[in-house]
Amino acid sequence: MKNLRLKSGNIPFLFLITTVLAYGLLIPSIGFYWDDWPFAWIAKFMGPAEFNPAFAPFRPFLGPIFYFTTSLLPPLPIYWQGFALFIRFIMGFGTWWMLRQAWPERPRIALTAALLLIVFPGYSQHYIALTHINQELIPFIFYLFSFGYTFKALRAERPLTYIIIAVLLQICGIFPTEYFFGLEGMRALFLFFFFSGSLFSRVRETLKHWWPYLVVWILNALWLVYYYRFGPYNSYEVTSVNNATPLSLFMDVLDTLWKACLYIWIQVLLLVSTHLTAPSSILTLGLIAVFFVFISYFYIQHFEGTGESRSFSLSLMLIGVVGILLGRLPSLAAELPLRLQTGYDRFMISMMIGSVLFAIGLIELIFKDSHFRMYVVTAMIALGVGQQFYNANIFRRDWEKQSEIYWQLSWRIPALKPNTVLLTHQLPTEYEPDLSFTGPINWMYAPDYTSDANLPYALIFSEKRIGGPTLPSLDPDTKISFAYRTVNFRGSTTDTVVIYMPVNGCLRVLDPNRGDADIYSRLPDTLVNTIPLSNLSRIITDPEKPAVPEFLSTEPEHTWCYYFTKAELAMQMNDTDKVIALEAEAVSKGYEPEDPNEWLIFIEAHALKGEIKAAEKLSEKIIKEDPTMRRGVCIVWRNLFIKQNNMNARQIGIFMNEIKCSE
């Protein structure tokens, strides 16, 4: 016998504690990512109603979901991260309620499955909240409750009302996104194992109760075939029919099963082992240990008895494997990879239920000792909590880097002329492509934007776009245009400002007139080849109202990068006095650059002001600390020699020989 001595009223509290510990500890330090930015920009400047036409060419049934949620919440990260906690809680509660309807005599299985799903470690995209709440998690919740009402109908004297509710919830879960197309097959398996008797009678009863959902499934399949093959859909291309081979499909299936059935449950241990002494790794392991003690104590206090039968355990494993493969079907059909700890593990959302049920079935089958089985289950839940906290730290660091980019942009570029492109090869963030940055760039530089105008600014990655329809070439006057959902950007390669931000260093505007094409010539060609296009006249150096990243919190402490970006701006304005004053203030406060190339502007400023000895002294210091900087220093002095101005050309030539610039 299995006995649950836990009051049902306490279960939501347990889900809440688990959700907060897994996802809520770093909420104030987590922001917007990936598609969150264009969606936030649309909500802010065009209004929630714009999501209906915005999604018409992609997933038209998602528009109403975005409309509803963005009408409730402002486009600020803290609100959406808090809402994500609520949604995750509802997912856990929905799983528990659904399985209690299916197996009311197995409360331990239902509760364990709900806890494992709350912390499911194969899905790292929780923190891309605005996107995934609307695009996947809300439809998934609809599906969970649809399953639950199916089984509630089976036990009701008058089942029609519950069947109608289940079908409506199924429609809300399956039509907004193709992610959950395969989940419907799991309902049939649940029904099959729900009934008893001969194989024939079970199949007959399954079809008898499944047919309304089967009709909806067929209608959805017809819709998908039309919309993706012949309709206006213009996102992923379904290419696997032409390119996949039986061997590649078989290997992909094995890879999916390995990851979803086994690897994800222990991956956090492998991840933290690579940086075991890092603070985030230590905190992750500490949280795993604390939660393991807590959840183990809970299980000991409230559960007792033997495990499940072999037949039930095998049925869980079968449902799980089929559920995983059906969940993988949409992304597999589009030949999209399943890569953990990347944006591609969002496809795990449709494999969650299958993965959790397989894991529970395997544990029930292998571990007969109730205490040992309990410790295995609680360890998995604790590892899931640790995995999500580990993921939160990745997103926290990404948000910190994003914040650095936006603040440094505002310091270096106070305003921009309309129709300007910010061009770079890439930026040192984890989750943001170029069009993600385009949203906040417009938020900063066009705070009074109205929906009847073209998009005034764009940020483009040459590494990704060069040679494509957005950026056909780097020839002067080449048109740059693209659609940003329902608005358009139109610009030209002549109206670009090239920026560069290394992993360790400050954001800078690259200037062809200062020799940057030579200084940075060892960087990728996709950046170097854009430098001649950089048109600094597009920058408004002294606007009436400078740009501010209003979507961020208070301005950070002014450290080295503040002084460097302001010095670059001052140099653009030919204010060498200010450049030198900024250097002096930064050095007096103990700041210095991570990237020694950032000293070059101060060498130039001293020399242009006639302080040749100061420029020479700084040059020698840089070369002594980093001999590889000789090349960059010499390029600066060579440009100074060409300009000459009031400087002594002979003195410059002597110093260039002293630091061996001719070698």
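## The largest cavity

In this predicted model, 13 residues line the largest cavity, and those nearest its centre are Arg514, Asp516, Tyr520, Glu568 and Asn597. Four elements each give two or more residues to that lining: strand E9 (508–509), helix H20 (516–519), helix H22 (560–572) and helix H24 (600–608).

As for volume, the largest cavity holds about 90 Å³ of space. Sort its lining by class and you get seven nonpolar residues, five charged ones and a single polar one.

## The second largest cavity

Next down the list is a cavity with about 70 Å³ of space. Its lining is made up of Asn513, Arg514, Asp516, Ile519, Leu600, Glu604, Val636, Asn639, Leu640 and Lys643. By class, that comes to four nonpolar, four charged and two polar residues.

Which helix gives the most to this lining? That would be H26, with four residues. Helix H26 spans 630–643, and H20 and H24 join it in supplying at least two residues each.

## Putting the two together

Some names turn up twice. Arg514 and Asp516 are among the residues nearest the centre of the largest cavity, and both also line the second largest one. Helices H20 and H24 each give two or more residues to the largest cavity, and each supplies at least two to the second largest as well.

How many cavities of 30 Å³ or more does the whole structure have? The search finds four, and the two described here are the largest and the second largest.

Technical notes: Residues numbered from 1 in each chain as written. Predicted model: local features only at pLDDT ≥ 70, side-chain atom pairs only at ≥ 80, totals over all residues. Heavy atoms only, no water. 1 Å grid on protein atoms, 1.4 Å probe; cavity = no way out; pocket = protein on both sides within 12 Å on 5 of 7 lines; lining within 4 Å. Points joined across faces, edges and corners; volume = space filled by probe spheres on them. Nonpolar A, V, L, I, M, F, W, Y, C, P; charged D, E, K, R; others polar.
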